[in-house]
Amino acid sequence: MSLTMRIPDQDSFTSRLRSPAVAARIGLWLGICFGIAFVTGLISHYAQASSQPVPIPTRPVWGYRLSQGLHVVAGTAAVPLLLVKMWVVYPRLFVRPPRRLAPLVLTVLERGSIATLVGAALFELSTGLANAAQWYPWSFSFRGAHHAMAWVAIGSLLVHIGVKLPVIREALAHDVDDTALDAPGATEEGPVTRRGLLRSTWLAAGVAAVAAAGGTFPVVDRIAVLAARRSGGPGGIPINRTARAAGVLTSATDPAWTCSIQFGARTLQLGYDDLRGLEQHTTELPIACVEGWSASGTWTGVRIRDLLALVEAPADAEVAVHSLQQRGGGRLSVLPAHFATDDRTLLALELNGERLSLDHGFPVRLIAPNRPGVLQTKWVARLEVLA
Amino acid sequence: MRALLVVAGGAVLGYGMWLLADFSELGQVGSVAVWSGVAIVLHDAVLAPAVLALGWLARVLLRTPDGGVRRRLHTAAVVVVVVLGPVTLLAIPVLGRFAADPDKSTLLNRDYSTGWLLLAGAVVVSALLLALTGLVSEASGRGPGRSARVPRPGR
């Protein structure tokens, strides 16, 4: 690159690494990562929606865990891919726009779509990473904005692929060292070859995925030195909201606590010992958080189905699960009928053979298969059959 | 095919914009736009020039008496920047511990500074090993010895 002071143009960048042959190869994997993150993100968004016209299945029980794990791994791996891709194409920023009107309009449109793509991509990756560490240095709603901008990112990506398709096809059809598509000035050999840059980039994506997003996998967890959580916590499961933060310290430890089961005019109040006296079932189910971490636990408690039978609720009714929590997210979730009647959907009293800890939802919490963790309501106060 | 991609992409993009306008008040839409805009500026005007400056610095620091550049070290330096740079940037939320909360004992519950140092050490060693193989640079060394003359920038 020239060191004299003047406005750079594309030819100021002389490295032969900055080639469409390199950009197309990184772009391919970047597109795959964005595609995975988009699809799994939509699944998560839909799973958290208040109603699902197409019901989410209760099996496999690890479905949401896998989907959200993939979401975070793909998004994290995309960071090095995006940064190297932008390094490769950076000289394009300095291409002089054409002077004639018609080509100028096309250029403005193309640059506009690139700006939207880069802006939305950086928005998605930066807010997603901050959310995984529960850091919210912004005023917008994370879920709404992350969802909307995902559509903006994927839309601009499709436009970008459409615009660049001939270049992408030609680049991928030839060897990475082919120079046919290069800018005329990009001829300088660098300290690494094009293959070397690509290999370093794949290494970066792998290191990012393991170090920052690997915390959710039992063995990888040990070397996930940059993951926001490590497995563990009481009962081997991390805690997102403590009883103190939820403001339920008093109400959850009140000896007079009861769980009410409501169906129409019928209400049943069950105390802790009443629940203990009912038939207990044990099942292994994961808690899988929207932030990407997940952990499996062995839960023991009463089937929701059995509780609903006590008030003679119909099998096809949805059930609202209310928490003692008065404010904040997660204080209410609605179980679709097929979740409420599932064998493995429990009002859990124990985790891994021990009484549920206060921060895990004592006296009782909901645990159901294949659901986002935020919907596994803790400190349950009331089951309300929505007939 | 191209037209289809552009039209479909435009529709998807438009749906995203509509969602954005629909989900919140105008103030929130504004802060989403500002966040994206600032991210672009941070990349184009801060990060990208900083990487260019790093490249220049590497050439100065690794210059040999005969005007060449210590090639293997230069190669290793590039690998270190490519791997450790993005990984460090994406770890800002945990390295900064911005959301640390004594009430949340299972959040940010690692020693991230030590973890980063260990990772950085592993990356440097791997980069040096990679630079000794032909996997990321020309296998047959260029010119005699460990250094090679790099053409001076053209202008």
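Which residues form a nonpolar patch on the surface, and with how much accessible area together? That was my opening query, and I put it to a predicted model.

**Entry 1: the nonpolar patch**

I found A:L28, A:W29, A:I32, A:I36, A:W62, A:L66, A:L70, A:L172 and A:W202 in the patch, with about 820 Å² of accessible area together. Next I checked which helices feed it. Helix 1 (20-47) and helix 2 (63-89) of chain A each supply at least two residues. Helix 1 of chain A gives the most, with four residues.

I then picked out A:W62, one of the patch residues. I located A:W62 in the loop between helix 1 and helix 2 of chain A. Its relative accessible area came out at 48%, so I put A:W62 down as partly exposed.

**Entry 2: a cis proline in that loop**

I stayed in the loop between helix 1 and helix 2 of chain A, where A:P60 also has its place. The peptide bond that joins A:R59 and A:P60 is cis, and I noted an omega of about -5°.

I looked for another cis bond and got the one from A:F362 to A:P363, with omega near 5°. A:P363 lies in the loop between strand 8 (354-355) and strand 9 (365-367) of chain A.

**Entry 3: strand 1 and its partners**

How do strand 1 and strand 2 of chain A pair, parallel or antiparallel? I read strand 1 (residues 258-263) and strand 2 (residues 266-271) as antiparallel, over six bridges. As a sample pair I wrote down A:Q262, whose bridge partner in strand 2 of chain A is A:T267. The two strands form a hairpin with two residues between them. In the turn, A:G264 has a positive phi of about 55°.

Then I followed strand 1 of chain A to strand 10 (residues 380-386) of chain A; these two run parallel and are joined by four bridges. Here I noted A:F263, which stands opposite A:V385 in strand 10 of chain A.

While on strand 10, I looked up a charged pair. The side chains of A:E384 and A:R382 meet in a salt bridge at 3.7 Å, N to O. A:E384 is partly exposed at a relative accessible area of 24%, and A:R382 also counts as partly exposed, at 27% relative accessibility. A reminder to myself: in a regular strand the side chains alternate between the two faces of the sheet.

**Entry 4: salt bridges**

How many salt bridges does a search of the whole structure find over all chains? I got 14. As background, side chains of opposite charge can pair when their charged atoms come close.

I went first to A:E188 and B:R59, whose side chains meet in a salt bridge at 3.2 Å, N to O. A:E188 sits in the loop between helix 4 (142-173) and helix 5 (194-213) of chain A, and B:R59 is in helix 2 (residues 26-61) of chain B, so this pair joins two chains. I checked the burial of both ends. A:E188 counts as buried, at 12% relative accessibility, whereas B:R59 counts as partly exposed, at 26%.

Next on my list were A:R276 and A:E350, with side chains that meet in a salt bridge at 2.7 Å, N to O. Why do I say that this pair ties together parts that are apart in sequence? A:R276 lies in helix 8 (residues 272-277) of chain A and A:E350 in strand 7 (residues 346-351) of chain A, so the parts tied together are 74 residues apart in sequence. I have A:R276 as partly exposed, with a relative accessible area of 32%. A:E350 is buried, with a relative accessible area of 18%, which is under the 20% cut-off.

I also wrote down a network of salt bridges that links A:R16, A:D175, A:D177 and A:R195.

**Entry 5: positive phi outside glycine**

Moving on from strand 7, I checked the loop between strand 7 and strand 8 of chain A, where A:N352 is found. Phi of A:N352 is near 50°, a positive value in a residue other than glycine. A:N352 is partly exposed, with a relative accessible area of 36%.

In chain B I noted B:R97, which has a positive phi of about 50° although it is not a glycine. B:R97 lies in the loop between helix 4 (92-95) and helix 5 (112-132) of chain B. Its relative accessible area is 35%, so B:R97 goes down as partly exposed.

Technical notes. Residues numbered from 1 in each chain as written. Chains lettered and ligands numbered in written order. Predicted model: local features only at pLDDT ≥ 70, side-chain atom pairs only at ≥ 80, totals over all residues. Heavy atoms only, no water. Pairing = 2+ DSSP bridges. Patch = residues over 30% accessible without salt bridge, like charges linked within 9 Å, V, L, I, M, F, W, Y side chains within 5 Å. Areas by Shrake-Rupley, 256 points an atom, 1.4 Å probe, with all protein chains shown as cover. Salt bridge = Lys/Arg side-chain N within 4 Å of Asp/Glu carboxyl O. Buried < 20%, exposed > 50% of the residue type's maximum accessible area, 1.4 Å probe, protein only.
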